[in-house]
Each structure stands twice: as C-alpha cells, then as structure tokens.
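User: I would like a close look at a single part of this protein, explained slowly enough for someone in the first year of study.

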Amino acid sequence: MLFFAAAPAHAQDGGTLKVGSKRFTESYILGEILQQSAAPHVKAEHRQGLGNTAIVLAALQAGSIDVYAEYMGTIGSEILKHDKAIGLEQMRRELAALGLGVAVPLGFNNTYALAVRSDEKSIASLAQLAQYPALTFGLSHEFIGRVDGWPGLAARYGLPQRPRGLDHGIAYEALAQRQVDVIDIYSTDAKIRQYGLRVLADTQQYFPRYDAMLLYRLDVPQRFPAAWQALQGLQGRISESDMIAMNAAVEIDGKRFSEVARQWLASGTQANKPAAARGKLLDKIIGDDLWTLTRQHLTLVLLSVALACLIGIPLGVLAAFSAPLRQTVLAFVGVLQTVPSLALLAILIPVLGMIGTVPALVALFVYALLPIVRNTCTGILQVPQGLRMAALALGLSRRDRLLHVDLPLALPVMLAGVKTAAVMSVGTATIAAFIGAGGYGERITIGLALNDNDMLLAGAIPAAVLALLTQGLFELVERWAVAGRQR
C-alpha cells in the first residue's frame, strides 16, 4: 500500500518539480526516470550528481529538491541513524517528523556487498577475509564512514584490515589492475559481470535490504498531484535485471543517462538494445552543453572573485594599518582556506536553505579571500615610509594618501593576489557540480561516476584552458598597471 497524503480534487500542479540524484550511475538514471515520468504533467528538472547522502538529504530538507530515489537500508541507517533494520511503518513515522515521506517501491533491491577478483579462489565469504590481513581494501569514502558500512562490517566479521578511500567509479579498474584486492559494490552494478568478479557471501546477513523507493517532501502530492500519480505508476516496474541492464547501457555501451531512461520508459526494458560506442574526446569537449557549462563556470568565478575583492581589499587595508589586528585577520582567512570544500558545501546547504549557485558562490568566495587579503596587506606594507611622510607633509589626509599613494603603489602586488584567487577559483569551481550549480565540474563528476576518462578530460581541459586565459589576462593587466605607475 502506498503511503501519502491524499491531494484534494481541486489541487493543481504548480511550480517546478525538482528531482535530485547522487553521484553514481544508478542514481543518475533513476533521477532521469523520475524527471521524464513527471515531465508530461508538470515542469520538472533533474538536479543531478549532488554528492553523497548528506548533501542530497540536506537539499531535500531545504526544499532545493522535492524527491529522489533512495534505498531503505540507507534511510534506516544513514538518515534515521538506526543500528538495526526497521520496518516501513516505523520509517514513515520517523520521516514524517522531518517533513519527509517514503513511498513507491520501484521493484529492486540494490544491496551493498564486497567483491574480489575471480582468481582469489580461496575467498568466497566475508568471514574468510579475516584470514588474510595483508589484503588491500579499496572502499568508497561513503561506505567507510556509513553506520551500515565498514565500521559495523569490520566489527561483525572481525576484519583487521584498514581500507583506503577510493572513488566508486574507478574501483573496478583498480581491482582489475591489482592495485587493490577487495572493493565494495552495489549488487546491481553492471561491471560485476563485465570484470568477472566474485561477490562474497554475507553469511551473517550484516547488510539490510536496500529496496529502492522514493524519498520525498510530504507536500509533494498536494503540490504536484498529476506528477505524483505518474510517479506512483513506477511502483514495482524496475526489476533487478532491468536496473543492471540500464547501468550497463551507460557504463559499458556509453549511452547518456537521459537516453537510457527514455528507452526504458518507452519499452520497459533495456535488454537487447544495440550498443552505442562512446563518443570521441573532441566530440565530448565541444558538446552541446559546452556554452552552458562555460557560462555557469564563468559566472561562478567572476562573481566569487568580485565579492572576495569587495570584502578582501578592505580587510587587507585594515590588516596593513592595524598591527594588533593584522595577525587575527590573516589567521582568520587562513583558517577559512583549510575547510574541506565538500564539508563546507554540506554545511552551507542547511544554513542557506538551498543548493545551486548561491552556496557555491559563498564557498568560492571563502577560498578566494586569503590571497586577496594577504597581497593587499603585503603590498601596502611595502610602500616606503618616506613617501607616506611626504604625502602627509603635502597636506594629504590619510584617506587621500591611501587612495593616491598607498593603493596605487601596492596595485601590482594586489593584482597578483587577485590573479591567484581567480586562477584558483577556476579550478575550485568544479566542486559546484556537487550541489547542482553546473560548470565544468558536471562533466568531471559524470566521468568519475562512469570511470570515463574522456568525460573527465572533457571537463578538465576546458577548465585548464580557462585558467590559462585568466592567467594571461591578468598578466596583461599587471603590465598595464606597472607601465602606468612608471609614467
């Protein structure tokens, strides 16, 4: 039985239904299926690749997305923080207190498991891993930190190994190249069969069921009644074999997420579909989305650096002329620089109540502050004291001396700081894709999810070109500033 609040007969769809997804192949595909299922009934958009559970959950609670496909085991352990599996009714009651609901079981169970190469003939179960302490474990970062992941698994089976963090998208290749011996997998991963891996038996039934369902904001059925009815039509329709076939169509055949979802919705299966060869690198670089991603990336960089200049230059001036505050100001912006980017984004989502451009801009602004503040302070401190005294002797006020002596003489050093901030921001802006702000990072996150080197390069190369162009532009501005000062 589906659990949702009944919409009144007069309710009308309004606004945009925002569908989210995490940063792995299956979640991208399910996000496309949800978006395309709702699209005939309401304006719908897919905010894809929003990082791990913490980020996509924060986006859901903040209202930045309305619904996404989640797994029962993850809801129970990661969201509701239970050590043991709980029933669906209890799950619904506890989620309702958070303004969330769970419904529409999609039809398949995608559980966690560990896998080894097929030539590891002596290992068939998780319990046997304890006998081989020298094995190298390459586990996804989320699995290492999950309540239902590595900590509990190691305790249950008495595993002495210490895993290394490894992105799920590249784990299979690392295992095949013998860089690691054991990886974590999803049971619907297409690459299990492609790489001929042995999935280790969970003899103590540590992993709960991970039935795929819809996690949504409780007001969705009222706000989007027609779209919600369409989403209900997905109940029980996606079998495990369908999901494996769809994952294979993307990861092995090189199809787009949207194309795979569209074909499944049209035919109900991905089996026996003709394979499509992956596009060439140049085709991916100059793809249809290049201008959109470039515009998004440039917007993030320009606005964040401009904001950092607006705040950072006055802070640098303050630090230069106030010796007691100097170390405090420089230490403060230095500490901000050390905050991990994804952690900062995860914090900003609930604080700002949104995902997308705004939290990305705030994060980039924070990282751009240090070079601007430091170079402004350094440039002003390098102005000869004799010139300052001469300016005062000529009757200039402290304000006029700052505007006509200190800042012009410090300009080359200040520009170097702005240049450093801008070039750094071009690279750092790729993290914006983790919270739906677009930019070249969107290609990079998809490349990581698919272990597609061409897609990775299709995001990295334009970012590198933009960084070089930024560097060159500031070199010209610095030469102009030096020439102007000499005149």
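In which loop, between which two helices, is T430 found, and what surrounds that part?

Analyst: This is a predicted model, in which local features need pLDDT of at least 70 and side-chain atom pairs count only at pLDDT 80 or more, while totals for chains, interfaces and linings use all residues. Residues are numbered from 1 along each chain as its sequence is written, and side-chain values use heavy atoms, with hydrogens and water left out.

T430 is found in the loop between α19 (398–428) and α20 (441–450), where helices (H or I, at least four residues) and strands (E, at least two) are DSSP runs numbered from the N terminus. With a relative accessibility of 17%, T430 counts as buried, because buried means under 20% relative accessible area, exposed means over 50%, and partly exposed lies in between (1.4 Å probe, protein chains only). If neighbours within four places in sequence are left aside, T430 is in contact with H297, G441 and I444, contact meaning heavy atoms within 4.5 Å.

Another residue to consider is V301, which lies in helix α14 (residues 290–321). V301 is buried as well, because its relative accessibility is 5%, and, again without neighbours within four places in sequence, V301 is in contact with A422, S425, V426 and A429. By contrast, V301 and P151, which are 150 residues apart in sequence, are 39 Å apart in space from C-alpha to C-alpha.

The side chains of D406 and R401 meet in a salt bridge with an N to O distance of 3.4 Å, a salt bridge being a side-chain nitrogen of Lys or Arg within 4 Å of a carboxyl oxygen of Asp or Glu. D406 counts as buried because its relative accessible area is 0%, and R401 is likewise buried, with a relative accessible area of 6%.

For a wider view, the unreviewed UniProt entry carries the annotation "domain: ABC transmembrane type-1" for residues 294–474; UniProt positions are given in the numbering used here, feature names are shortened, and annotations may be inferred rather than shown by experiment. The span of residues 294–474 is 85% helix and 0% strand, and its end C-alpha atoms lie 19 Å apart.
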